[in-house]
Amino acid sequence: MKLCVALDLAEKSDNLALAHTLKSEDIWLKVGLRSFIRDGKPLLEELKAINPSFKIFLDLKLHDIPNTMADAAESIVALNVDMFNVHASSGRKAMQTVMQRVNALSNPPIVLAVTALTSFDNASFEAIYRTPIAQKAVDFATDAYESGIHGVVCSAYESLDIKAHTSEHFLTLTPGIRPFNEASNDQERVADLKVAEAQKSDFIVVGRPIYHHADPLSVVRKILESIA
Ligand code: C5P
């Protein structure tokens, strides 16, 4: 299991300072919408300059018509990131088109599909999709798997079931992790490290429990020791 630290801080300098603090650790860094819209490609380059071994997950959750998504995916691959994602609800055609385009390029990154955002509780999810989260997450994951996508973003509680319905090699990345039962903030379906491990999550995403802590490096080391 790999740790992916969410760089969701208010300023570029804050994100870079956090990366500096964590520069000797074997971690992935997740660059999300706010940071990428504000700081763009230079941020990615500066993160790699801090430690070339940092792996970067560009979390932009693409959702559009197939050709627009494939064009965007091609531009993302040109950024040399190690992983990016799309929404599974964009449909099989869109995911297949993205994967055809990405696989034709040299050094294609890992591509994940978002199933159900972990901020959804069952009632608000069903209000949109008319299906319980657990069922729909498996359906979305199956669509993604059969479209050639490498894995999904899902809650830790769905990881094992998704692997059972697809493949044990189909990757799961699980946000909403509160490693040692910290405050859940706006996340509805939080899980701790034990749940993530029991559910065979391949990547855990942790943001606020790390960057809101007075000593982020100590939290990261404690997590890495626990999942080693
Ligand atoms: O601070 P926290 O640990 O809750 O951060 C979780 C991160 O994972 C945020 O950047 C959020 O956008 C992202 N994320 C999520 N749920 C998803 C996909 C991404 O929380 N399904």
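**Note on the predicted barrel model**

1. In strand β7, which covers residues 171–174, Leu171 and Leu173 point one way while Thr172 and Thr174 point the other way, and all of these residues are buried. The model is a predicted one, and the remarks that follow should be read with that in mind. Strand β7 pairs with strand β6 (residues 151–153) in the parallel sense, over three bridges. Within this part of the sheet, Gly151 stands opposite Leu171 in β7.

2. The wider setting of these strands is a closed barrel of eight strands, running in the order β1-β2-β3-β4-β5-β6-β7-β8 with parallel pairing. From one strand to the next, the twist averages 25°. Helix α10, made up of residues 216–227, packs on the sheet and touches both β1 (2–7) and β8 (203–206), and the direction of α10 makes about 155° with that of β1.

3. Elsewhere in the barrel, strand β3 (residues 55–62) and strand β4 (residues 83–87) are paired in the parallel sense over three bridges, and Leu62 stands opposite Val86 in β4. His87 also has its place in strand β4. His87 counts as buried because its relative accessible area is 16%, which is under the 20% cut-off used for that word. When neighbours within four places in sequence are left aside, His87 is in contact with Lys61, Leu62, His63, Val114 and Leu117.

4. Which residues lie nearest the centre of the largest pocket? They are Asp8, Lys30, Asp59, Lys61 and Gln187, out of a lining of 28 residues, and the space in this pocket comes to about 610 Å³. Lys61, one of these central residues, is also among the contacts of His87. At least two residues of the lining are supplied by each of β2 (28–32), α2 (33–50), β3, β8 and α9 (208–211), and β3 gives the most, with three residues. Sorted by class, the lining of the largest pocket holds 13 nonpolar, seven polar and eight charged residues.

5. The second largest pocket contains about 150 Å³ of space. Its lining is formed by Phe180, Glu182, Ala183, Asn185, Arg208, Pro209, His212, His213, Ser218, Val219 and Lys222. The elements that give two or more residues to this lining are α9 and α10, and the largest share, three residues, comes from α10. Helix α10 is thus named both in the lining of the second largest pocket and in the packing on the sheet against β1 and β8, while α9 supplies at least two residues to the lining of the largest pocket and two or more to that of the second largest. By class, the lining of the second largest pocket divides into four nonpolar, four polar and three charged residues.

6. A last remark concerns Ala127, which lies in helix α5 (residues 122–129). Is Ala127 buried, partly exposed or exposed? Ala127 is partly exposed, because its relative accessible area is 45%, a value that falls between the cut-offs of 20% for buried and 50% for exposed. Ala127 and Lys12 are 115 residues apart along the chain, and their C-alpha atoms are separated by 36 Å in the model.

Terms used:
Residues are numbered from 1 along each chain as its sequence is written. This is a predicted model: local features need pLDDT of at least 70, side-chain atom pairs count only at pLDDT 80 or more; totals for chains, interfaces and linings use all residues. Side-chain values use heavy atoms; hydrogens and water are left out. Two strands pair if DSSP finds at least two bridges between them. Helices (H or I, at least four residues) and strands (E, at least two) are DSSP runs, numbered from the N terminus. Axes are lines fitted to C-alpha atoms, for helices over the stretch in contact, and angles run from 0 to 180 degrees between N-to-C directions. Contact means heavy atoms within 4.5 Å. Buried means under 20% relative accessible area, exposed over 50%, partly exposed in between (1.4 Å probe, protein chains only). On a 1 Å grid over the protein atoms alone, a cavity is a set of points where a 1.4 Å probe fits but cannot get out, and a pocket is an open set with protein on both sides within 12 Å along at least five of seven lines; lining residues have an atom within 4 Å of a point. Grid points are joined across faces, edges and corners, and a volume is the space filled by probe spheres set on the points. Ala, Val, Leu, Ile, Met, Phe, Trp, Tyr, Cys and Pro count as nonpolar, Asp, Glu, Lys and Arg as charged, and the others, Gly among them, as polar.
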